[in-house]
Each structure stands twice: as structure tokens, then as C-alpha cells.
Amino acid sequence: KLSQAYKAKRIAQDEIFRNVETQFAKVPSLCHAISEIDPLRVYDFEADSNRVFQRFFWSHSSAKEWVNLQRTLLAADGTFLKSETGGNLLILGSEDAENKSIILAVVIITASESKVEWSWFFQKCKSYISGMDRTGVGIVSDHDKGLQAAIEEIFVNAFHLYYVKHIERNIQGHKNEQGHKD
């Protein structure tokens, strides 16, 4: 019975992961369908020379004038995707007039967070979202080295802040290295 359960599990896993690859292959047609519904919505899809998915950028139409009309403090962060295929999700967000979080743009990448991936994402954001390169725009993030380097390269007029949680963690780590107790 255990052998049958194992075989059934393996068949199900094979089907699921085969479907993931099939779904990634459908991204270009999904992009086309999105543009039919909302022509102002922006997306970009990149594949390698073998037509294997690499990156998918998306931003909704209301984000286009967000920085010009709303807040000038943005938040950038990334997280890894838990799946057989792996990858990362990079996000650029802000707050609306009621202090509610809003996502301005996202990108799904197959690579790890790096300066190259963050730079690609920020270039897409900068080319679509008006006002991101003006003086006075601030970007809050964690201490990811690739993210920091991309902010410095792409947003030369922006100021860069770190999440307080990350600063606190770094201070605590430094205190522990020095032998201090809480």
C-alpha cells in the first residue's frame, strides 16, 4: 500500500510540475489577453534563446502617474518563490491617500536577486511610472546588495532608506558580536 501511495504521489507531482512549465509557456498569450482588457496596463515578458521563461514585468494602468500625483516614498522588496521552479518576486509599492499599501509594479524572475535583476526591474518602472527619477523620491528597502547598487545606478536623484526592522537587526547583531547583552 505504501508503494502505491508513493507512486500516486510521484504521478501527481510530475503532473503538477509539468503543468508549471506549461503555464509559463502560456505567459505571452496571457499578456496579449491582458492588453485586450486594459490597453494601458504594462507588461514585459522575456525568454532566453530557447524560449524558456526568464522574467515577467507587470504594472497596472493607474500606476503610470502615481509618483507625480501621490506619494514620493516607495518601498522595494523581493522574496523567493517556493516551488519546484524557484525564482523570485520583486515588488515596488507605495501607499495611497488613505495610507493603504498599493503595489505599483512586480516582476517574476527565474534568477536570484541581484543588481542585474533589480536594475532591469527599476528600468522598466522608471520608463513607465512618471516622476520616479525626480529629486525628492525616496526608496525604502532592506540591505540586499544588488538592490542597493541598482537604486544608486538607476535612481540617481532618489534618497535611499532602510526598513527600521533591518536596522534594528543589524544593531542587535553588532551588539552580540561585541559581547553586549540586551
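**Aromatic pairs and a buried strand**

With ring centres required to lie within 6.5 Å, the count of aromatic pairs comes to five. In one of them, the rings of Trp-118 and Phe-121 have centres 5.9 Å apart and planes at 55°, so this pair goes down as tilted. The label follows because stacked needs planes under 30 degrees apart and edge-to-face needs over 60. In general, it takes two quantities to describe a pair of aromatic rings, namely the distance of the centres and the angle of the planes. The model, it should be said, is a predicted one.

As for where this pair sits, Trp-118 and Phe-121 both belong to helix α4, which covers residues 115-128. Three residues separate them, or about one turn of the helix. Trp-118 has a relative accessible area of 0%, so it counts as buried, and Phe-121 is likewise buried at 0%. The two rings are also part of something wider: together with Phe-57, Phe-122 and Phe-155 they form one aromatic cluster.

Next comes strand β6, made up of residues 138-141, which is covered on both faces. Gly-138 and Val-140 are buried on one side, and Ile-139 and Ser-141 are buried on the other. That every-other-residue pattern fits the usual picture, as side chains in a regular strand alternate between the two faces of the sheet.

Strand β6 has partners in β3 and β7. Strand β3 (residues 73-80) runs parallel to β6 and is joined to it by three bridges; here Ala-75 has Val-140 as its bridge partner. Strand β7 (residues 159-162) is also parallel to β6, with four bridges joining the two. In this case Ile-139 is matched with His-160 of β7. The link between β6 and β7 involves helix α5 (residues 145-154), and the three elements make a right-handed β-α-β unit.

Zooming out, the protein has six helices and seven strands. Read from the N terminus, the elements go α-α-β-β-α-β-β-β-α-β-α-β-α. Of the 182 residues, 29% are buried. Among contacts with a separation of 6 or more, 52% come from residues 24 or more positions apart. The exposed area of the protein is about 11500 Å², and carbon and sulfur atoms supply 54% of that area.

Note on methods:
Residues are numbered from 1 along each chain as its sequence is written. This is a predicted model: local features need pLDDT of at least 70, side-chain atom pairs count only at pLDDT 80 or more; totals for chains, interfaces and linings use all residues. Side-chain values use heavy atoms; hydrogens and water are left out. Rings of Phe, Tyr and Trp (its six-membered ring) pair if their centres lie within 6.5 Å; planes under 30 degrees apart count as stacked, over 60 as edge-to-face and the rest as tilted. Buried means under 20% relative accessible area, exposed over 50%, partly exposed in between (1.4 Å probe, protein chains only). Two strands pair if DSSP finds at least two bridges between them. A crossover is right-handed if, with the strands pointing away from the viewer, the path from the first strand over the helix to the second runs clockwise. Contact means heavy atoms within 4.5 Å. Accessible areas come from the Shrake-Rupley method with a 1.4 Å probe; for residues, only the protein chains shown count as cover.
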